[in-house]
Amino acid sequence: MPSPRIVFLDIDGTYAFHGWVPPAHVEAVRAARANGHRVLLCTGRPRATVSDRLLEAGFDGVVAGAGAYAELEGQVLRDETFPADVAARSIEALDRHHAVSLVEATEAMYVRAEGRDAMDARAPGSGSSQEEVWRDLLDGRRVVDSFAGLAFCKVVTLRADVPLSQVAQEIGPEVAAVDTSIRDLGRGAGELYLAHITKEVGMRAVVDHLGLTAADVVAAGDGPNDIEMIRYAGTAIGIAGGHPDVLASADAVVPGPQDAGLVEGFRRVGLI
């Protein structure tokens, strides 16, 4: 068994399948930790939607907000939010283009009435494959009258009058935008975030705190926001069918969570 390492797992599409965690993944995490490795979740979700259900296996920490937030053994190592002036410009620009926005903060995902109604219209019924994901989102949701004064790390838009990349340009170079991968949301849907934030930023906060290096890191992911995470890690596990840049940098490619692929991945890189 190699020296103890630190493992970062993307949630959606890697550790969980539409919010459902296969029992074999729970056991794999517990086995890796029993072997002396630290295991953390590393997600684009805000910390507020990383539910106790997702944490059931037992984890040493969480990187959330796509790297804006990091905690280890209950200690918050970083919690970066939009500077107040950038936050104000962002909300003004989003409102100018009639964006329906979900504002992601550490403690909650804030929505106004139109965001609540748009979410409720899309929420699946009981028994849907998406039910677990939506349970986490709705549990973390807080309805407010105004976004003014909120400290947040990211904004998700469900629609707007113009592409979100145009909104980002109007706000300034401090922010960047990515279009949504959900096809039926349409124009203006995507994520707005601080341009310098990636999952690697949050991972480094943990690794540096522990006095480790990238060589000690194992990372597993599938999506475009996992690219920097995978490239940073000394050992990388990609999920079959994932983003081409993730797969190109992976040391091992394994099946998705619907087939409990992380069990094979953990074995192939020597965690269990």
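Start by selecting phenylalanine 59 in this predicted model. Leave out its neighbours within four places in sequence, and Phe59 is in contact with Leu9, Tyr15, Val29, Arg33, Val39, Leu40, Leu41 and Leu54. Show those side chains as sticks and keep them on screen.

Now widen the selection to the nonpolar core around Phe59. The largest nonpolar core has 30 residues, and Phe59 is among those that touch the most other members, along with Leu9, Tyr15, Val29 and Phe266. Which elements each supply at least two residues of this core? Colour these in turn: strand 1 (6-9), helix 1 (23-34), strand 2 (38-42), strand 3 (61-64), strand 12 (217-221), strand 13 (235-239) and helix 9 (261-268). Helix 1 gives the largest share, with four residues. Elsewhere, apart from this core, sits another one of 27 residues; Val144, Val155, Ala168 and Val175 are among them. As background, nonpolar side chains in soluble globular proteins tend to be buried together.

Back to Phe59 for a moment, and pick one of its contacts, leucine 54. Leu54 is in the loop between strand 2 and strand 3. Is this loop residue buried or exposed? Leu54 has a relative accessible area of 0%, so it is buried. Set aside residues up to four places away in sequence and Leu54 touches Ile11, Tyr15, Ala16, Gly19, Val21, Leu41, Arg45, Thr49, Phe59 and Asp136. Tyr15, Leu41 and Phe59 are three to click on in that list. For a sense of scale, draw a distance from the C-alpha of Leu54 to that of valine 86: these two are 32 residues apart along the chain and separated by 32 Å.

Next stop, helix 9. Its buried residues are Gly261, Leu262, Val263, Gly265 and Phe266. Turn on what covers them, which includes strand 1, helix 1, strand 12, strand 13 and strand 14 (252-254). Then look at either end of the helix. In the loop between strand 14 and helix 9 you'll find alanine 260, which has a positive phi of about 55° although it is not a glycine. Ala260 has a relative accessible area of 18%, so it counts as buried. Following helix 9 is glycine 270, with a positive phi near 85°.

There is another positive phi to visit in a residue other than glycine: histidine 98, where the value is near 55°. Select the loop between helix 2 and strand 6 (100-104) to find His98. Its relative accessible area is 55%, so His98 is exposed.

From there, step onto helix 2 (residues 84-96) and bring in helix 5 (residues 164-171). Their axes come within 9 Å and cross at roughly 140°, so helix 2 and helix 5 are oblique to each other. The crossing is right-handed. What meets what here? From helix 2, show Val86, Arg89, Ser90, Ala93, Leu94 and Arg96; from helix 5, show Leu164, Val167, Glu170 and Ile171. Colour this contact by class and you get six nonpolar residues, one polar and three charged. Val86 of helix 2 is also the far end of the distance you drew from Leu54.

Now do likewise with helix 3 (residues 113-122) and helix 4 (residues 131-139). This pair packs at an angle of about 160°, with the axes 12 Å apart. Helix 3 and helix 4 are therefore roughly antiparallel to each other, and their crossing is left-handed. For the contact, select Met119, Asp120 and Arg122 in helix 3, then Trp134, Leu137 and Leu138 in helix 4. By class, the residues of this contact come out as four nonpolar, no polar and two charged.

Finish on helix 6 (residues 199-209), where you can pick valine 201. How does Val201 count in terms of exposure? Val201 is partly exposed, because its relative accessibility is 23%. Ignoring its neighbours within four places in sequence, Val201 is in contact with Gly67, Arg78 and His196. One last distance to draw runs C-alpha to C-alpha from Val201 to isoleucine 227: these residues are 26 apart in sequence and 12 Å apart in space.

Terms used: Residues are numbered from 1 along each chain as its sequence is written. This is a predicted model: local features need pLDDT of at least 70, side-chain atom pairs count only at pLDDT 80 or more; totals for chains, interfaces and linings use all residues. Side-chain values use heavy atoms; hydrogens and water are left out. Axes are lines fitted to C-alpha atoms, for helices over the stretch in contact, and angles run from 0 to 180 degrees between N-to-C directions. Angles under 35 degrees count as roughly parallel, over 145 as roughly antiparallel, 65 to 115 as roughly perpendicular and the rest as oblique. A crossing is left-handed if the near helix is turned anticlockwise from the far one by less than a right angle, and right-handed if clockwise. Contact means heavy atoms within 4.5 Å. Ala, Val, Leu, Ile, Met, Phe, Trp, Tyr, Cys and Pro count as nonpolar, Asp, Glu, Lys and Arg as charged, and the others, Gly among them, as polar. Buried means under 20% relative accessible area, exposed over 50%, partly exposed in between (1.4 Å probe, protein chains only). A nonpolar core is a set of buried Ala, Val, Leu, Ile, Met, Phe, Trp, Tyr and Cys residues joined through side-chain atoms within 4.5 Å.
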